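I open these notes with one strand pairing and widen the view from there. The entries follow the order in which I looked things up.

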Amino acid sequence: MKYRNLNKLLLILFISTLFIFTSAAGSLYAADNQLKVTFLDIGQGDCEIIRTPSGKIIMIDAGDDRYNSAEDVIIPYFAANGIKKIDMLIMSHAHRDHIGGMVGLIPKIEIGEVYENRISTTQMYSDILKMLKARNIPVNKLWKDDKIDLGDGIEITVLHPPKKWQTQSGMGVSENAADNFTKIGISGLANSPIGDISNLKKDDDPIVLNAAEENLNNFSIVVRMQYKNIVYQFGGDAEAQAEDEILAAVPEKLIKTYVYKVCHHGSSTSSTTAYLAKLKPEVSVISCGVNNQFRHPAPNTLKNLEFYSKVIYRTDIDKTIESWSDGSAVNFSTGSSPNSMVTSAKITDLTPYSATIEWETSQLSTTKAVSSADGTSDKAEKSIAGYSLNHKVTLTGLKPATAYNFEIESVSQKDPSQVVADSGNFKTAAAPGIPVPAVSFATAPEKLFVYEQAKLIVKAAPAPADSQITLYEDAVSAVNKIAVSAGTLDNGQAVFDWTPKFGKTYELLAVIASAQKVIAVASFNVTPGRRLVVIDEAHGNLGAGYFEDMKVDLFNRGLQTVSSTARINDDTFKNASVFVISEYSTTEAGLNKDEIASVKKFVDNGGGLLLIGRCDYLGKSNPETLNRVLEQTGSNLRINDDEVLDPTSCLGTSPWLVMPHLFDAGIVAADVKAINCSSSASVLNSHMKPVTPADKTIIPLCYGDEDCTNIDSDKSGEGVIYPAGSKVVIDAAEIMPSGGKIAVFGSQHFGSQVYNYTSRHQTPLYNFSVINWLAHPSKKGVEELSSEINSMSPGAAPDNKTLRSDETLSETAVIGASIRADEVFKNIEKEFDPASPKIVESLDHFIDHIKTDKISTDVIKKVLDRVRYGAAEDSALMSKIRPKIEIIEEYYQRMLK
């Protein structure tokens with residue numbers, strides 16, 4: 001009994017809080033021309049309330065009766081806001097978590113009319129229809145292209161479902177499909193919010209049990225509401241199949257929205273990246289219950305929403321979400337705790353030249369600090385990009401033994417009107433009595449990229465011999481420390497390894513200390529970029545518009561992707577590292593000779609090219625569209641006109657859903673154990689023959705095992721069949737003499753069906769491995785080339801990767817590097833310019849490689865020949881490098897023996 005009373009007390013407190021909040025929120029609607037949209041926190045379910053400037057009330061869905069959504073939330077909200085009538089109620093679909101609240105609502109609130117769509121077989125749905133009929137509330141249907149004029153220039157347009165669907169039975173099985181179906185012979189479904197359908201009466205309205213009940217979600221009414229320049233979209237529980245139908249049937253301009261009520265509570269079955277790419281929501285709102293049994297929202301869906309939306313609200317976190325708009329902008333306020341200072345601003349690190357201030361906020365907020373020396377009007381301001389809960393700012397350029405005042409400010413990401421501030425003061429430490437050294441900073445490479453390790457070089461001169469440099473990221477704080485220089489500085493210099501994780505501007509702070517006293521603090525800004533992948537979608541390409549999952553995944557792994565929708569020219573490749581072309585790129589509307597010439601120029605300049613094909617199932621394959629590009633770029637690769645099958649390494653019992661597990665370990669990450677290939681073709685050499693070890697320049701990236709075969713599935717006689725028992729090459733790559741790279745995929749490794757990283761296949765990581773490899777041009781310098789050849793020598797582990805025990809590195813990569821050596825050595829005298837120290841530095845690097853690694857004798861011989869030639873007419877230079885030549889010669893002769 002005491003727990004029941006406690007629950008009642010909590011309920012009273014909640015309703016009281018709701019009244020206070022909604023009354024306060026109402027005062028925020030300053031102008032009469034405001035459109036107001038409320039996303040009610042009704043637990044695991046949906047309920048949205050729309051109020052037009054003229055006072056019309058439109059409600060979409062009503063939550064779940066099992067959570068008393070009508071009695072505990074909706075009706076108290078109406079009372080707090082003076083709402084006495086619902087002019088229009090839209091049931092997005094007849095699942096219990098969307099219509100259950102109508103049972104308690106219909107007897108107590110006047111309703112003008114109800115709109116619905118697909119009928120349900122549940123007892124609850126039948127009861128609701130009877131209640132509506134008893135109160136003479138008309139029930140209408142809504143289909144695609146229907147429009148509702150709400151007045152005030154506000155219009156609702158129905159985007160889904162199309163009327164042709166009214167005769168269709170279901171669209172697949174939802175993750176919320178009902179275990180109640182087992183009571184009447186439909187099994188395999190569990191965890192339903194639909195309701196008990198075991199007691200249907202025979203004399204009910206004509207409701208026929210069919211597969212539609214399995215997934216009413218895809219019959220959800222999807223509506224677009226526009227008020228001037230602002231668009232909302234509400235879609236109930238629409239899933240991927242409904243989204244695909246919308247993408248195919250609705251003009252793109254009608255799909256784009258500003259506020260997106262996220263479908264199906266953020267489930268993994270909805271909000272596909274292809275749909276989000278057209279939706280482009282600035283703000284996404286997820287309606288879901290705290291710790292709900294379905295674990296909504298799904299982590300993958302959240303990740304995708306974060307990629308496209310600037311702000312995400314969730315009713316399980318933010319509680320009831322209010323929004324209001326004058327048609328040009330949207331404001332938001334939530335029922336969660338207001339933004340506040342969790343911990344006050346305090347000084348956590350103080351030196352003669354810097355001060356670090358830290359504080360915490362309850363909501364993700366901006367970070368800004370302003371300081372001024374005591375008694376002066378000069379102010380210095382510093383902000384940290386992005387939003388945070390834990391804020392750290394290091395003020396630099398301060399004077400020793402000086403008193404300062406500071407103010408901090410944090411603005412909520414979700415509600416800019418919620419600003420928190422604090423202030424304080426501090427006094428810097430006294431100077432240590434050591435001259436302040438000049439501090440300089442450099443990076444290697446000069447241009448940094450996300451997730452790519454770089455060298456950070458900090459030099460302090462002059463500095464005492466015992467000086468130590470500590471490097472920090474964004475603020476001088478223990479958790480922000482990158483590294484501390486080891487031992488004494490080398491000529492006043494320290495080198496740090498650092499891997500940036502975001503494409504943002506970092507402030508790197510170097511603290512130089514001697515005898516444990518800080519003698520200097522310096523800060524430097526660096527902005528890592530992302531290597532750019534350009535996808536051709538301008539030439540009727542296969543799969544155009546379905547690369548969104550791959551785009552999101554590559555972005556999360558550090559790359560940037562864009563689609564090219566115009567004819568190809570040299571500007572197409574500006575800043576690009578990789579260019580992707582899928583099949584049908586040379587049809588009548590496809591690439592012309594000038595475009596292919598631009599592609600070749602891109603590869604010749606070190607770019608990476610990925611071509612994606614498919615098999616000839618149903619005679620649809622068109623490999624010549626890719627082979628023409630391969631031929632013109634000088635590649636030895638070709639794509640076949642066949643189909644790859646594997647009766648054992650496949651998905652289920654479908655041999656065309658191949659699961660290859662053999663990869664080139666020098667390119668593909670060791671974590672990739674298998675990938676998913678559907679309807680894949682194989683790869684051939686330039687003579688249109690199967691790839692064998694004799695094709696020294698071709699690197700098989702992915703290939704089938706001993707029982708993998710390929711067939712001429714369209715029986716046209718064009719497919720080349722690999723000999724029985726040979727390795728059928730599915731994907732392959734090649735390093736061109738210029739240092740550019742080309743890869744060919746025989747299968748469409750993109751789209752949502754493969755972009756879930758699972759224990760069974762790791763296709764996203766495989767794609768990234770290959771594309772990231774393509775994004776890095778091969779090394780061209782002598783010492784870099786020798787290092788590359790060494791790293792690709794049998795038994796070596798490239799780029800600090802550990803090889804799997806059952807694989808060795810492909811010899812073809814070594815051959816490819818040797819071919820490039822010929823190109824390099826044609827211009828080697830430029831590298832060994834007697835007027836520069838390059839020859840000495842190059843030889844030192846080269847000798848280091850020879851001492852520690854096995855370098856091929858042909859490379860060593862070419863280096864010796866070119867060095868002698870380059871220095872033959874410069875006796876001083878020859879005298880300087882003779883000892884180095886002798887060392888190389890000694891190793892060369894030893895290797896020959």
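Entry one. I began with a single bridge and found that Ser 514 has Lys 517, in β27, as its bridge partner. The model I am reading is a predicted one.

Entry two. I then looked up the strands around this bridge. Strand β26, residues 506–514, pairs with β27 through nine bridges, in the antiparallel sense.

Entry three. I asked which sheet these strands belong to. I recorded an open sheet of four strands, ordered β24-β23-β26-β27, with antiparallel pairing. Its edges are β24 (481–484) and β27 (517–526). Each of these has a single partner strand, so one side of each lacks a neighbour in the sheet. From one strand to the next, I noted an average twist of 20 degrees.

Entry four. I turned to the cysteines and asked how many disulfides there are. The count is zero. I checked Cys 708 and found that the nearest cysteine sulfur, that of Cys 702, lies 8.7 Å away. A disulfide requires sulfur atoms within 2.5 Å, and Cys 708 is in no disulfide. Is Cys 708 buried or exposed? Its relative accessibility is 3%, so I entered Cys 708 as buried. Cys 650 is also buried, with a relative accessible area of 3%.

Entry five. Last, I looked up the totals for the protein chain. I noted 20 helices and 42 strands. The chain has 897 residues, of which 55% count as buried. Its exposed area is about 38,500 Å², and carbon and sulfur atoms supply 51% of that. Among contacts with a separation of 6 or more, 70% are between residues 24 or more positions apart.

Technical notes:
Residues are numbered from 1 along each chain as its sequence is written. This is a predicted model: local features need pLDDT of at least 70, side-chain atom pairs count only at pLDDT 80 or more; totals for chains, interfaces and linings use all residues. Side-chain values use heavy atoms; hydrogens and water are left out. Helices (H or I, at least four residues) and strands (E, at least two) are DSSP runs, numbered from the N terminus. Buried means under 20% relative accessible area, exposed over 50%, partly exposed in between (1.4 Å probe, protein chains only). Contact means heavy atoms within 4.5 Å. Accessible areas come from the Shrake-Rupley method with a 1.4 Å probe; for residues, only the protein chains shown count as cover. Two strands pair if DSSP finds at least two bridges between them. Axes are lines fitted to C-alpha atoms, for helices over the stretch in contact, and angles run from 0 to 180 degrees between N-to-C directions.
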